[in-house]
Amino acid sequence: MTLDFSLNQSVFILVISSIIAVGYNTIRSDSLDLIYIKPEGAGVSKLDSLLATETILVEPVMIDRELAKKMYDLGILFIDAREMEEYNESHITGAILEPAVSGELTKVSPPDKPLITYCSGGHCDLSFELAVELMEEYNYEKVFVYEGGLPEWEDAGYPVDRAK
């Protein structure tokens, strides 16, 4: 009987306290919102998280067009994994060609800098294979693979160099 009475008293005190607290919060000039709405742009973005020095990648990370463009705008190096003829025909502005890279890449970009590989998109695996090679054989720490490749990049109207 005493346990039931104590439990009822506790619930009553909790309910009354909550009502008083909400009421007091409502009349305060600097009241707190009862429902939190996260402000736009608050928190750590996926891009910030991926590029953070604390982030350790054990394999290449696939990225979409939006992230690829953000990284491009940050000046991150793109590497074209396609053949030289395709590269010469058109490529993402500023991208370098993979065959020209083998062993020379560390002169252009040190292994602690992020890289993005791409190819023809769709079922093209060249960019992923290159990304794995860069991580495993050349010890690059942050290698990303732009899934959409050059066709998606061009469709978005992003910068492309074409043969003259």
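This report covers a surface patch, a disulfide and the packing of one helix in a predicted model.

## Nonpolar surface patch

L7, V11, F12, I13, V15, I16, I19 and I20 form a nonpolar patch on the surface, with an area of about 790 Å². One of these residues, I20, belongs to helix α1, which spans residues 2-27. The relative accessible area of I20 is 56%, and I20 therefore counts as exposed, the cut-off being over 50%.

## Disulfide

One disulfide is found when the whole structure is searched. The bond links C119 and C124, with an S to S distance of 2.4 Å.

The two cysteines fall into separate classes of accessibility. C119 has a relative accessibility of 1% and is buried, whereas C124 has a relative accessible area of 22% and is partly exposed. The value for C124 does not qualify as buried because that class requires a relative accessible area under 20%.

## Buried side of helix α6

Helix α6 runs over residues 126-136, and its residues S127, L130, A131, L134 and M135 are buried. These residues lie on the same side of α6, because the arc they cover around the axis is only 135°.

Which elements do the buried residues of α6 pack against? Their partners are the strands β2 (77-80), β5 (115-118) and β6 (143-146), together with helix α5 (105-108).

How values were computed. Residues are numbered from 1 along each chain as its sequence is written. This is a predicted model: local features need pLDDT of at least 70, side-chain atom pairs count only at pLDDT 80 or more; totals for chains, interfaces and linings use all residues. Side-chain values use heavy atoms; hydrogens and water are left out. Patches are made of residues with over 30% relative accessible area and no salt bridge: like charges are joined within 9 Å, nonpolar side chains (Val, Leu, Ile, Met, Phe, Trp, Tyr) within 5 Å. Accessible areas come from the Shrake-Rupley method with a 1.4 Å probe; for residues, only the protein chains shown count as cover. A salt bridge is a side-chain nitrogen of Lys or Arg within 4 Å of a carboxyl oxygen of Asp or Glu. Helices (H or I, at least four residues) and strands (E, at least two) are DSSP runs, numbered from the N terminus. Buried means under 20% relative accessible area, exposed over 50%, partly exposed in between (1.4 Å probe, protein chains only). A disulfide is a pair of cysteine sulfur atoms within 2.5 Å. The arc is that of the directions from the helix axis to the C-beta atoms. Contact means heavy atoms within 4.5 Å.
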